[in-house]
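Visitor: Please take one part of this model and go through it closely. I would like the surroundings and the confidence values as well.

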Amino acid sequence: MRERRAIGGLIILTLAVLFLNPTLAWKIQELVRPRAVEPLSELIKENNTLKGELARIAQMSPLLVRGMPAGIPAHVYSRYPFNLKQELLVAAGSKSGVQEGWAAVVPAYSSSTSEKAVFLGRVEKIWDESALLRTIFDPRFQAAVRIGKRGVDGLLIGGVNPKITLIEKQASVHEGDIVLVAAPEFPYGIAVGVAHEARLAKDELFQEATMVPGHDVNSVTSVLLVGSTR
Amino acid sequence: MRRKLVIAFLIVSLALVVEMRFLEPAGFPFPISLAAILALTLLIDIASIAFLSLFSFFMLNWRPGITPEFTAFIFVPLIASFLQTFFPLRSSLNAAVVGVLGVAVWHGAADPSGVLAAPSLLLFEVALSGFVAAFVFGFFRTIAHET
């Protein structure tokens, strides 16, 4: 009986720490995860600090070129135990002015599109110093889009292989047509990828097409958070 | 029961250290701690499993708030432990089966689309989970002098 009470107490204590002070776990993780240990003089420490600053600025510099929309740059945290790409945690939150529903954009990688900025996802939750993004690789993600120069309407559905549905049956969608975000909650016209393999949907009422994203999410180290223009 | 809990806690703690210190930096975030907990569902009571699951959740949590994968991380061992009351299983082979099924269910609950996108990786992980679970089962029985 005493032992059951002790286990019950441990469960309650763990729940309390989990909800009241979850960041305590991060401090404990710092003790467990490997880090390089080497004898450092003060000058070498300062040199490493400056290199770190330069690296952070270099990661941000693609976001600051002409052609990128105005927004709040944020680093993407890489500490993620399960390597899922539906969500990303970034180092900017309400204190930086970020709000729920903002768009996250990244520089395009050059082969997929001529656009500079490419839509990555939406700010789903925010905290003081961080924000959670739901990317276009999340099956729960949906947004209105327009395809190609004619602006064919469609609905982007997220997932491992994002696709565009509800395209009018008579509309003409070609391989390589640019796909632009057209949802009212985001700044209009940010590229999200290019259309690929348009075909009649199973219901035969609409067309659907797969989409090649305009970025490699595995190499994303920083994003630009852009608010709605409404 | 206290001795069993202490041994189980040490095993799970060791699994967490291996996962965070060696597997994650190597780019192979395999849920070894989950496999260990699943093996322990055959050996200790459900309250102890609940504590170990919560403790592992606390140690692995990477962002504020509760996520589907971590909710599944807590409930899959609890469900496995609950099912032990109807299907008492006590062998390394059964531990391997519980490990395989538990990790497969966890992947399905945490990331259903990922299961379809990389089935070969999933198969490798669940197979490895079976080996880990069987090893933990045998190791625990040896240490705890179970017969």
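**Helix α2 of chain B and its surroundings**

Guide: Chain A comes first, as background to the close look: this chain exposes about 13100 Å², with carbon and sulfur atoms supplying 55% of that area. The model is a predicted one. Chain A contains three helices and 12 strands, and 42% of its 230 residues count as buried. Among contacts in chain A with a separation of 6 or more, 56% are accounted for by residues 24 or more positions apart.

A single residue of chain A can serve as an example of burial. Ser130(A) lies in the loop between β4 (117–126) and β5 (131–135) of chain A. Its relative accessible area is 9%, under the 20% limit, so Ser130(A) is classed as buried. Apart from neighbours within four places in sequence, Ser130(A) is in contact with Tyr77(A), Leu89(A), Val90(A), Ala92(A) and Gly93(A).

The part for the close look is helix α2 of chain B, which spans residues 32–40. Nine of its nine residues are buried, so the helix is largely enclosed by the rest of the structure. In sequence order, the buried residues are Ile32(B), Ser33(B), Leu34(B), Ala35(B), Ala36(B), Ile37(B), Leu38(B), Ala39(B) and Leu40(B). The cover over these residues includes α1 (2–23), α3 (46–60), α4, α5 and α7 (119–143) of chain B.

Two of the covering helices, α4 and α5, also take part in a pocket. The second largest pocket has a volume of about 260 Å³. It is lined by 13 residues, and the closest to its centre are Ala80(B), Leu83(B), Gln84(B), Val98(B) and Leu101(B). The elements that give two or more residues to this lining are α4 (68–84) and α5 (92–110) of chain B. Helix α5(B) provides the largest share, six residues. By class, the lining has 10 nonpolar and three polar residues, and no charged ones.

Confidence remains to be stated. Chain B has a mean pLDDT of 82, and 88% of its residues reach 70 or more. Within chain B, confidence is highest in α2(B), at a mean of 91. The lowest value in chain B belongs to helix α6 (residues 112–117), with a mean of 66. For the complex, the predictor gives an ipTM of 0.73 and a pTM of 0.54.

Notes
Residues numbered from 1 in each chain as written. Chains lettered and ligands numbered in written order. Predicted model: local features only at pLDDT ≥ 70, side-chain atom pairs only at ≥ 80, totals over all residues. Heavy atoms only, no water. Helix = DSSP H or I, 4+ residues; strand = E, 2+ residues; numbered from the N terminus. Buried < 20%, exposed > 50% of the residue type's maximum accessible area, 1.4 Å probe, protein only. Contact = heavy atoms within 4.5 Å. Areas by Shrake-Rupley, 256 points an atom, 1.4 Å probe, with all protein chains shown as cover. 1 Å grid on protein atoms, 1.4 Å probe; cavity = no way out; pocket = protein on both sides within 12 Å on 5 of 7 lines; lining within 4 Å. Points joined across faces, edges and corners; volume = space filled by probe spheres on them. Nonpolar A, V, L, I, M, F, W, Y, C, P; charged D, E, K, R; others polar. pLDDT = per-residue confidence, 0-100.
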